[in-house]
Amino acid sequence: MSLHPSPLPPVPDQTAAVARRAFRRPPLAVRLRDEFGALYDDADFGALFPARGQPALPPWRLALVTVLQFLEGLTDRQAADAVRARIDWKYALSLELTDPGFGYSVLSEFRSRLVAGGAEQVLLDRLLDHAAGRGLVKARMKQRTDSTHVLAAVRTLNRLELVGESVRAALNALAVAAPGWLRAVAPPAWHARYDRRFEEAKMPATGPARERLLRTLGEDGAALLGAVDAPDTPAPLRALPPVAALRQVLARYYAREPADGEPSDSDAPSGDGPATLRPRAKGELKQAPRAVESPYEFDARYCSRPGAVWVGYMVHASGGAVSETCAPALPRLVTHVDTTAAGVYESTRVDAIHAALNAKGLLPSEHFADGAYLSAALLVRSRRDHGVTLRGPTKPGGAWQGRDGGFTPDAFRIDWRRQRVTCPAGQVSNTWSAYDGSAGDPRQARDPYITVRFAPSVCGPCALRERCVRAPGRRGRQLLLHPQAEQEALAAARARHASPAGRRAYAVRSGIEGTVSQAVRALGLRRAPYRGLAKTRRQGVATAAALNAARLDAWLAGRPLAPTRTSHFARLAA
């Protein structure tokens with residue numbers, strides 16, 4: 001399919017006349033076309049199509065159909081039918097009333113092109129460009145960010161099902177890639193265990209029987225990997241995604257049990273040597289590497305947050321983050337969507353969010369977020385690199401002191417020049433040790449920090465010891481401090497958030513909850529209809545573009561924001 005860009009065609013006269021007579025009030029598609037034109041242009045997608053070949057359908061039409069499809073929650077078939085049958089869609093797409101439209105598979109092919117070309121952000125960015133041209137969104141406005149979870153399109157599996165299905169998925173992939181090779185490798189017993197889905201099998205009811213089955217499944221998987229890793233096996237078989245997934249599953253749920261005289265090794269084997277597999281105990285799983293949660297969805301990950309446990313992704317409403325403007329007289333538009341695997345900490349996405357907003361020319365002056373997005377280093381880095389002030393609650397210093405009314409690090413007076421700290425009782429520290437945060441293992445690296453200690457002889461007889469030290473014996477207080485810039489920024493952020501003015505200013509962040517609710521309840525953001533992080537990321541962008549289209553339409557029509565819903569029963573209390 002080749003692309004030959006052409007100028008935006010006008011709305012056909014007959015289509016325009018029928019639309020004007022049919023609608024007393026213009027619907028969303030008609031109003032957006034009248035106010036902003038076609039929203040997209042063929043040149044926006046020129047890199048996705050070759051220069052030669054059969055002419056493709058105009059991508060500006062397919063992009064607009066995609067946004068309207070996500071806005072109304074339509075399947076590809078329903079969206080293609082709407083193009084053929086609905087007057088408002090024909091008006092927005094500049095189509096004659098007699099135009100037959102296109103086959104529904106074209107929409108799936110277009111979305112695949114967006115993912116392959118990394119162009120899914122165009123759906124949101126071009127709409128933001130139109131809004132910026134009208135002065136509805138601009139740089140240095142206040143913005144807010146939050147995250148929500150997205151459920152992967154897979155069934156949650158227990159350990160037995162996951163291991164069994166992982167072996168089965170690898171066998172099926174190898175049966176397609178190298179049927180002759182697999183026929184020579186697979187013993188007859190494997191057909192009895194893996195010909196059918198494990199969800200259809202009757203699992204052992206007792207603990208010992210389940211443990212034996214788990215060991216058997218692991219040994220089958222290790223034997224299969226050993227055959228795949230053999231020198232005479234074709235190399236492409238080792239690169240099959242289900243084979244790689246099986247390798248990760250075995251590494252997480254099994255430990256290597258060496259034969260007599262063989263050195264111990266905790267990693268799951270690939271099938272070579274006399275070692276066998278031992279299922280890991282529950283306590284060992286915490287130290288085991290993370291594995292895929294489904295052999296049919298390699299990017300989905302398990303995550304646990306207060307009030308939610310799921311397998312899937314995070315949209316840092318997005319990261320997941322959805323960042324939106326919060327100017328009172330303007331439409332509250334989503335400016336960025338960042339979708340990641342579940343379990344990615346929110347604070348690790350702040351730099352990426354700011355970099356993306358900077359590329360769009362939409363960096364805020366103040367960025368309101370919850371405590372998961374804030375850290376001492378981010379407070380300094382955001383201000384220094386982007387001129388953005390992060391606003392939100394920060395974790396209290398200390399451990400139990402921050403929870404139980406003890407003396408947090410903010411209660412101590414720090415002399416940075418002389419490298420001394422004075423406690424609330426007037427005692428002075430006796431050691432000051434600075435660390436750059438690096439460790440031998442890069443996975444254990446952390447930000448630079450300073451350790452300050454007070455002498456036990458000072459803290460032991462202190463009358464304020466109960467609010468400062470709970471360790472037995474005559475141990476002194478120890479403080480972990482950030483470097484000076486970070487520590488002072490953290491103290492200032494805590495003081496501001498604790499003040500009445502700071503709490504009033506932070507109240508604007510609550511508006512992002514309405515954005516998340518609309519994206520989840522009205523536009524189906526919570527459930528991923530596709531598999532894979534790339535397609536889920538495209539879903540987040542398209543959902544944000546559809547949400548912005550709905551909010552622009554509401555703003556153009558003069559519809560005020562809906563009030564917070566209150567149930568009939570809750571009104572009785574008021």
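1. Ala, Val, Leu, Ile, Met, Phe, Trp, Tyr, Cys and Pro count here as nonpolar, Asp, Glu, Lys and Arg as charged, and the others, Gly among them, as polar. By these classes, the lining of the largest cavity has twelve nonpolar, one polar and two charged residues.

2. The model is predicted: local features need pLDDT of at least 70, side-chain atom pairs count only at pLDDT 80 or more, and totals for chains, interfaces and linings use all residues. Residues are numbered from 1 along each chain as its sequence is written, and side-chain values use heavy atoms, leaving out hydrogens and water.

3. The largest cavity (a set of points, on a 1 Å grid over the protein atoms alone, where a 1.4 Å probe fits but cannot get out) has a volume of about 120 Å³. Volume is the space filled by probe spheres set on the points, which are joined across faces, edges and corners. Of its 15 lining residues (an atom within 4 Å of a point), Cys423, Ala425, Cys459, Cys462 and Cys468 lie nearest the centre.

4. Helix H7 (helices are DSSP runs of H or I, at least four residues; strands are runs of E, at least two; both are numbered from the N terminus) covers residues 121–133. Its buried residues (under 20% relative accessible area, 1.4 Å probe, protein chains only) include Val122, Leu123 and Asp125. Just after H7, Gly135 takes a positive phi of about 75°.

5. Is His149, in strand E2 (residues 148–151), buried or exposed? His149 is buried, at 18% relative accessible area. Beyond neighbours within four places in sequence, His149 is in contact (heavy atoms within 4.5 Å) with Ala308, Trp310, Tyr313 and Arg526.

Definitions and conventions: Buried < 20%, exposed > 50% of the residue type's maximum accessible area, 1.4 Å probe, protein only. Expected span 1.5 Å × (residues − 1). 1 Å grid on protein atoms, 1.4 Å probe; cavity = no way out; pocket = protein on both sides within 12 Å on 5 of 7 lines; lining within 4 Å.
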